[in-house]
Amino acid sequence: MEPAAESDAEMLGTPDPELAATMGFSGFGKKARTFDLEAMFEQTRRTAVERSRKVLEAREREKEDQTEKEFRIPCTASSVSASSATGPGPTLTGREAACSEGEDNSNEAFSGPSMQSQSSAKGPAEDTDDDDDEEFIGPPLPPGFKDSDDDNDNDDTEEEDNNPVKKIPDSHEITLRHGTKTVSALGLDPSGARLITGGYDYDVKFWDFAGMDASLQAFRSLQPCECHQIKSLQYSSTGDVILVVSGNSQAKVLDRDGFPVMECIKGDQYIVDMTNTKGHTAMLNSGCWHPKIKEEFLTCSNDGTVRTWDVNNEKKHKSVFKPRSVQGKRVIPTTCTYSRDGKLIAAGCHDGSIQIWDRNMSVHTKFHCRQAHASGTDTSCLTFSYDGIVLASRGGDDTLKLWDIRQFKKPLNSADGLPSFFPITDCCFSPDDKILVTGTSVKKGGGSGKLFFFDRESFQKLYEIEVTDASVVRCLWHPKLNQIMVGSGNGLAKVYYDPVKSQRGAKLCVVKTKRKERQAETLTQDYIITPHALPMFREPRQRSTRKQLEKDRLDPMKSHKPEPPVAGAGRGGRVGTHGVTLSSYIVKNIALDKTDDSNPREAILRHAKEAEENPYWVAPAYAKTQPKTVFAEVEPEEDEADKPEWKKRKI
């Protein structure tokens, strides 16, 4: 049986040439290779356990060596110098012993001249298994050694924590020219790739940081609301649509490229109760997106209402919130916002109050402060901190206040002396929630508009940036980019960034060189070269301009001088200047008539003597009935002082 089995194996092992030629491929009949997966998994598990055990043992040895070294350091200076000369020897010997023990336990064989090379070869393998992915070249470092770079990084981090001013990214800036009028709206998408600006010139401009070069030109400009000033621009939480709030009563939603998606309906202005109206009936003041629900947004208007909307339903609002004064009368909301979790809706009103509702309960306010700011001023901005506890308000009374919504009667902190001439002046929190930022307004020629940074806890002024010689209206600190966008009153939008602390954004476009403009090549005539055409269809070769002009001067038709106009009577078949027709004769005489009829009375009285001597029109008609002309008697003017009071002229 055994020889037969061997012959079968040989038959299976060696391919048959006839069979290979018949089937069309070689290797037919070979046995497939099999793998034992369970054994492979078991081997991998054992290897991992062994490596983990070696790493733990190495760490324990390092701890023991470090402890021994601490005990060996003497207290006197002489012993310190002696140990510095002899100390590395035993420490290194102990590490060599540890490495040799690790080698004895393992089944791996290393080749090399000394134990140091083996330990250096093994060091990176152990470090790779460790959390640190750094590879060291050379002998292992002594225990307790710290890299100077790590120390510097740690010191810098601690210094930044102690000094929040160093977290402000203001070392570099770029300037985007929106127009000549105030930049009244700024918006950045959540990823920080695109910036949109809107202004009092009705324009909305789109800026793509990744697509711009150093010329810093917007890739799109449009007027979505025709002749209405832009009040607010904001990307949704997903960044796919943009909310546009302008001076009219209808908010618009655009997609990322500026094409309209929906427009809110306008309400009936003759209905008294604003709850029964489908939309706003007066100018909008502000608006924002819900932070969690991507289809919902919020608007407030001069009709005294705050309304929530759904992008998918433009025919009617979702809910209505009506702020009320102390007397229960209607009051105009000047700004509105959602809390960070989207559960609260806050509105700053024209009477200086701040009113906060639960999003699901639109009747009564959940929190309110009646005298948050001065009455009759426009509260221009409300913003919640990232932790959702603190609310910052920028008032038209030149103040910036910080509120704890759990104790809403008194502000936590307040800063005054911050002029604000615009009803849309911004304030915002830093990404780490420790700094509060706002801008100030200046009159024309009255200095520079500044950006102020306040500490959230102490409310001390940490830093200020002089932006430009106009008011600072809008400010935005993006958490992902760590860059500050500022909109000013002279049509400029500035972006402040730091090459180290900031990410992407303005850093992408400043490194790109300006594209060279292609000069359009203008040709007076396009020549078609047809070398094999017949002579009658062949176009002449293009010659130089000078030669062509010389040839034209020799041509009597092209060089013919136009004849000058005929002066006086016509000759040679050409009509004179004034012509020979009756109309030309009359026109000529009218033009030559120099009679001055500037005084019509003298012109009439010029014929008075002739009319009296030879009457023809009026006198013969009255010759029988009134031969003697009777004129009205002129009464002398009475003095006003002699008249009674009731007859005197009343001036």
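Over which residues does the pLDDT stay under 50, with two contacts beyond four places in sequence? That's residues 1-13. For the record, pLDDT is the predictor's confidence in each residue, from 0 to 100, and contact here means heavy atoms within 4.5 Å. There's another such stretch: residues 74-134 also have pLDDT below 50, though the model gives them 42 contacts beyond near neighbours in sequence. Where pLDDT is low, the predicted coordinates should not be read in detail.

So yes, this is a predicted model, where local features need pLDDT of at least 70 and side-chain atom pairs count only at pLDDT 80 or more, while totals for chains, interfaces and linings use all residues. Residues are numbered from 1 along each chain as its sequence is written, and side-chain values use heavy atoms, with hydrogens and water left out.

Okay, the overall picture. Mean pLDDT for the chain is 78, and 73% of the residues reach 70 or more. The secondary structure comes to twelve helices and 28 strands; these are DSSP runs numbered from the N terminus, helices being H or I with at least four residues and strands E with at least two. Of the 651 residues, 34% are buried, and by that I mean under 20% relative accessible area, with exposed being over 50% and partly exposed in between (1.4 Å probe, protein chains only). If you take contacts between residues at least 6 apart in sequence, 48% of them join residues at least 24 apart.

Now, the annotation. UniProt, in an unreviewed entry, has "repeat: WD" on residues 176-208, 277-319, 338-358 and 372-406. Positions are given in the numbering used here, feature names are shortened, and annotations may be inferred rather than shown by experiment. Take two of those spans. Residues 338-358 are 0% helix and 57% strand, with the end C-alpha atoms 10 Å apart. Residues 372-406 come out at 0% helix and 43% strand, and there the end C-alpha atoms are 15 Å apart.

Let's zoom in on some residues. Phe 206 sits in strand 4, and it is buried, at a relative accessible area of 1%. Leaving out residues up to four places away in sequence, Phe 206 touches a whole list, including Leu 195, Ile 196, Phe 219, Tyr 235 and Ile 242. Ala 218 is twelve residues from Phe 206 along the chain, and their C-alpha atoms are separated by 5.6 Å.

Next, Glu 296, in strand 11, residues 296-301. Buried or exposed, this Glu 296? Buried, because its relative accessible area is 2%. Its side chain makes a polar contact of 3.0 Å with the side chain of Lys 318. A polar contact is a pair of N or O atoms within 3.5 Å; within protein, one must be able to donate a hydrogen and the other to accept it, and residues adjacent in sequence count only if both atoms are side-chain atoms. Beyond four places in sequence, Glu 296 is also in contact with Trp 289, His 290, Thr 308, Trp 309, Tyr 338 and Arg 359, among them some you may want to click on.

Arg 359 comes up again: its side chain and that of Asn 360 are joined by a polar contact of 3.4 Å. Asn 360 is in the loop between strand 16 (354-358) and strand 17 (367-369), and with 64% relative accessible area it is exposed.

Compare Asn 248, in the loop between strand 7 (241-246) and strand 8 (252-255). That one counts as buried, at 14% relative accessibility. The side chains of Asn 248 and Ser 246 share a polar contact of 2.6 Å. Setting aside neighbours within four places, Asn 248 is in contact with His 228, Ala 282, Met 283 and Leu 284.

Last topic, the rings. The whole structure has nine aromatic pairs. Rings of Phe, Tyr and Trp (its six-membered ring) pair if their centres lie within 6.5 Å; planes under 30 degrees apart are stacked, over 60 edge-to-face, and the rest tilted. Tyr 200 and Phe 422 are a tilted pair, since the centres are 6.4 Å apart and the planes are at 45 degrees. They link distant parts of the chain, 222 residues apart: Tyr 200 is in the loop between strands 3 and 4, Phe 422 in the loop between strands 21 and 22. Tyr 200 is buried at 17%, and Phe 422 is buried at 16%. Then Phe 452, Phe 454 and Phe 459 form one aromatic cluster.
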